[in-house]
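Please open the model in your viewer with the backbone drawn as a cartoon, and keep the side chains hidden until a stop on the tour calls for them.

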Amino acid sequence: MKIKNIRLKNYRNYDNLNISFCDNLNIIIGDNAQGKTNLLEAIYVLAVTKSFLSINDHNLIKFGNKCSFIEGLIEKKNSTLDLEILLNDNGKFVKINHKEIKKLSEYISKMNVIIFSADSIRMLKESPSTRRKYFNIQISQINKRYLKMLTDYNIILRQRNEFLKIIDMNKKTDTDYLEIINDKYVDLSLKIYNFRDEYVKNINSYLGNMFFSITGFDGLKLKYISNIDNSRDNLLEKLNKNINKEIQYKMTLIGPNRDDFCFYLNDKNLSLYGSQGQMRSAIIALKMSEVFLFTDKVGDSPILLLDDMFSELDINKRNNILANLTHDVQTIITTTDIDNINENIRKKANVYEIKDGKLFPGK
Ligand SMILES: Nc1ncnc2c1ncn2[C@@H]1O[C@H](COP(=O)(O)OP(=O)(O)OP(=O)(O)O)[C@@H](O)[C@H]1O
Ligand SMILES: [Mg+2]
């Protein structure tokens, strides 16, 4: 899919912006604090209705204003969508083709973007729950059923945790009820496990090669780490074995709520041993792998947004990344220095410059 243009009104440091994109490579140049990240963020917000930075929606409204507006035209394989988002004190309001959509869940995922930003690398250093959240979104993007299962799983997990706080193992009715909850819990846990396991296998079929073509090093893998496997019996046995501990901690200790996803470079955990450049290259390789996997599963490519990805990378890696960009995937790159992008690639791209929230044709 392609974003043909986007219009911003009172968004961050933009008063009014109207920018068109070409279907292939778009380069946005600008000094620090001119609005490069803000522009990519606006495209992201148009797709998912909130920022990729953990901030309040209110921060998106230009200082001193009451509302902010984004509108974009999206061309998909079989349809064209005009998407609109209005943010104000009363919340956010979305429209598709000028028709108001009441449920945000019906709006989200009509447009798909994959974004790399300075923030993306933090995922490696943060807690497992950050990575679970991240991969939940990625898996949901390519499979709507996963989101439904995850919602059901979270409901039963909450019920189970509530019950663990009050359970009396000497009461027959309590143990009967636990059995019923466990049955449902096991069912959904295994489904989540299988989705995550398959996703990681699929990503790995691209990730290692992608990392190699950027860095020249073999051996990058994403590992799915879980305290369960795909056996119903094993999970039930583990739950039974740990029930006293769970009652003591008053929470569920076994299941996909404890999963993690870790990057390994030749069996060394990248978060613990990787250099800044390696981590950056690994996350860029992940994003590019996601583009391929999404395209393969959904049959239309997502829009790739790469914010300031060149810092901390040497010239070879910069060029290798650019060489890996696919003509069919619409890509929007920001950079402070156009010299980061070699002449041949620049010539074929659509180049803009941004100064203080205003757009100029690029050199
Ligand atoms: N709600 C807002 N209203 C007005 N200005 C804002 C708002 N939020 C952020 N800004 C301003 O937007 C400016 C541009 O920010 P942005 O992050 O897009 O810069 P950038 O071009 O990506 O810079 P860098 O190269 O340093 O990453 C900053 O000066 C910031 O203070
Ligand atoms: Mg920026």
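In which sense do strand 14 (residues 350-355) and strand 15 pair, and over how many bridges? Select the two strands together, bearing in mind that this is a predicted model, and you will find that they pair in the antiparallel sense over 4 bridges. Show the side chains of Tyr-352 and Pro-361, since the bridge partner of Tyr-352 in strand 15 is Pro-361, and then those of Ile-354 and Leu-359, where Ile-354 stands opposite Leu-359 of strand 15. The link between these strands is a hairpin with 2 residues between them, and Asp-356, which belongs to the turn, has a positive phi of about 50 degrees.

Next, widen the selection to the whole sheet. Strands 14 and 15 belong to an open sheet of 6 strands, whose order is 8-12-13-3-14-15 and whose pairing is mixed. Strand 8 (113-116) and strand 15 (358-361) stand at the edges with a single partner strand each, so one side of each is left without a neighbour in the sheet. On average, and with direction ignored, neighbouring strands of this sheet are turned by 20 degrees against each other.

Now add the helices that pack on the sheet. Helix 1 (residues 36-48) touches strand 3 (25-29), strand 8, strand 12 (303-307), strand 13 (331-335) and strand 14, and its direction makes about 150 degrees with that of strand 12. Helix 8 (residues 276-298) also packs on the sheet, touching strand 8 and strand 12, with a direction that makes about 170 degrees with that of strand 8.

Return to strand 14 and look at its other pairing. Strand 3 and strand 14 pair in the parallel sense over 4 bridges, and within this pairing the bridge partner of Ile-27 is Val-351 of strand 14.

For the next stop, select strand 1 (residues 2-11) and strand 2 (residues 14-20), which run antiparallel and are joined by 6 bridges. Ile-6 has Ile-19 of strand 2 as its bridge partner. These two strands form a hairpin with 2 residues between them, and Arg-12 in the turn has a positive phi of about 45 degrees.

Keep Ile-6 visible and add Ile-43, which touches Ile-3, Ile-6, Val-113 and Leu-305 when residues up to four places away in sequence are not counted. Ile-43 also leads into the largest nonpolar core, which has 86 residues and in which Ile-43, Leu-46, Ala-285 and Leu-305 have the most contacts. Helix 5 (residues 172-215) gives the most to this core, with 12 residues. Domain 1 (2-112 + 302-361) and domain 2 (128-262) both give residues to the core, so it lies between them.

Colour the two domains separately to follow this further. The C-alpha centres of domain 1 and domain 2 lie 34 Å apart, and the contact takes 6 residues from domain 1 and 5 residues from domain 2.

Finally, select helix 5 again, this time with helix 4 (residues 144-166). The axes of these helices come within 9 Å and cross at roughly 145 degrees, and the crossing in which helix 4 passes helix 5 is left-handed. To see the contact, show side chains on both helices: those of helix 4 include Tyr-146, Met-149, Leu-150, Tyr-153 and Ile-156, while those of helix 5 include Tyr-177, Leu-178, Ile-181, Leu-188 and Phe-195.

Notes
Residues numbered from 1 in each chain as written. Chains lettered and ligands numbered in written order. Predicted model: local features only at pLDDT ≥ 70, side-chain atom pairs only at ≥ 80, totals over all residues. Core = buried A, V, L, I, M, F, W, Y, C linked by C-beta atoms within 7 Å. Buried ≥ 20, exposed ≤ 12 C-beta atoms within 10 Å, placed from the backbone. Domains from an automatic or database assignment. Contact = placed C-beta atoms within 7 Å. Pairing = 2+ DSSP bridges. Axes fitted to C-alpha atoms, helices over the stretch in contact; angles between N-to-C directions. Left-handed = near helix turned anticlockwise from the far one by under 90°.
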